[in-house]
Amino acid sequence: MMITLNDVLTLLPAVVLLAWGVMMLVVDLFLPKERKAIIPLLAGLGAAAGLGVNLALTGYSQTGFNGMVVLDGFASFTNTLLLIAALFAVMLAYDYMRRMNIERSECCALMLISTAGMMMMVQAYDLIILFLALELFSIPLYVMSGLIRGKISSEEAALKYFLLGAFSSAFLLYGVAFLYGATQHTNLAGIVAAMQSGTANYIFLMLGVALLLVGLAFKLAIVPFHSWAPDVYQGAPTPVTGWMSVSVKIAALAALLRVFVVAFPSLSAQISPVLGVLAALTMIVGNVLALVQTNIKRLLAYSSIASAGYLLMAFVPYGQGEVASHAVAAGLFYMVGYLFTSFAAWAVVAAVEKAEGKDLEITSYAGLARRHPWLAVAMLIAMVSFIGVPPTLGFWGKFYLFRTALEGGLVWLALIGLLTSLFSAYYYLRVVVVMFMQPGEVEARREVWVNLLAVVSAGATLLLAFIPWQILDWATAAFLRFP
């Protein structure tokens, strides 16, 4: 197959990032040890270059590689979020790795390569590309989870994440095989054509869809496929955990939205009830188990699981015509708020954490407001945004998700979402009470990039909440390309 300029343009942002990551691995071989500090700066430049190329291509709509990948408004939007997350992750890792004595230059390169895989997954219009992109972004994550060699929890995190990834890949691949057996196609356009012509085998089709859903549910840590996710979050280095909690969720949900909204809207009557039950279970289990956590990383891990439930809630009515476009826009809006809110919280965790995993208990945050008021305020904004209290992006994110659920006639699901949000206030505000009302002598790093990230993320969480309609308009304009 001849590769044309159109093919290259379709995947250009991901290709730039992938090439930059590989180049960094080569450059690292020739860099003397005293110059290794330049690697995070190179990674930041790579993410910024990818972001620039992606923004330059915004507005284009085309397919490439014989219709196997697509560039549309939806891909441009989610790629922007993934590239911002990569940039933030580099800022988070800059000082942390040196402080923890785990400074390894390949970490930043793997981060870029993994992000390139996530971007390809978002742009996949063929299930084979979807699977290959899943592997490209997952394998670097297994390595990065176990970056702290000799630490049992980090090695355990790497092993558990690898096993979770293996389950995800196996289910997804079986799903692809059944879908090919049912329709003789792996391309989304071909699958849609086979279903519309009535030649698809219904039993194989439903089996394939179910296995595909399970495969992506592992990546989203949806209940009951979440069991080891908190262990992975706790054991992995904090910058890796923070980045993983945001980027993996964005990539997996975007892939889920594209595949199901484009290819399987006609099966929504059978799939939506299952999605509704999974969303409800994820919101309930995530919030209830977060209540008993004393470790801040595990609390944020269960919070992340609960957030996957909220995101899934908007996705349930995906087959209801106009509601589907509102569901996509609401999901994208929530991702924007979740990105800034999460990085504000993880920046504070990284600033407070000491070597050997000390100061990760919630009680360790006592006195933070007195000793480091800016960090305490950033964490406060993140906590209230996670709850969904106005005026924060978290409030508008949940508002639009609940509105979509109500438009789809899912009153019971919106009610569960509302009640679990109220329930979550207990464990989020517990962190705030400890920081502001309990005496303590907690120390935090005065590292420029981490403090800047905390302030920028918290500021965006607060200030962007005053222009929610503009972000929603941007999300609504992020159109999906249909066959």
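**Exercise 1. Determine the volume of the largest pocket and describe its lining.**

Step 1. In this predicted model, local features need pLDDT of at least 70, side-chain atom pairs count only at pLDDT 80 or more, and totals for chains, interfaces and linings use all residues. Residues are numbered from 1 along each chain as its sequence is written, and side-chain values use heavy atoms, with hydrogens and water left out.

Step 2. The largest pocket (an open set of points on a 1 Å grid over the protein atoms alone where a 1.4 Å probe fits, with protein on both sides within 12 Å along at least five of seven lines) has a volume of about 200 Å³.

Step 3. Its lining (residues with an atom within 4 Å of a point) includes Lys33, Tyr94, Glu103 and Cys107. Two or more residues each come from α3 (38-56), α4 (73-99) and α5; α4 supplies the largest share, three residues.

Step 4. By class, seven lining residues are nonpolar, one is polar and four are charged.

**Exercise 2. Characterise the second largest pocket by volume and lining.**

Step 1. The volume is about 150 Å³.

Step 2. Among the lining residues are Ile387, Phe395, Lys398 and Leu418. Helices α17 (393-407) and α18 (411-437) each give two or more residues, and α17 gives the most, four.

Step 3. The lining divides into seven nonpolar, two polar and one charged.

**Exercise 3. Assess the span and burial of α5.**

Step 1. Helix α5 (residues 106-123) has 18 residues and reaches 26 Å from first C-alpha to last, close to the 26 Å expected at 1.5 Å a residue.

Step 2. Because 17 of the 18 residues are buried (under 20% relative accessible area, 1.4 Å probe, protein chains only), α5 is largely enclosed by the rest of the structure.

Key:
Expected span 1.5 Å × (residues − 1). Buried < 20%, exposed > 50% of the residue type's maximum accessible area, 1.4 Å probe, protein only. Points joined across faces, edges and corners; volume = space filled by probe spheres on them. Nonpolar A, V, L, I, M, F, W, Y, C, P; charged D, E, K, R; others polar.
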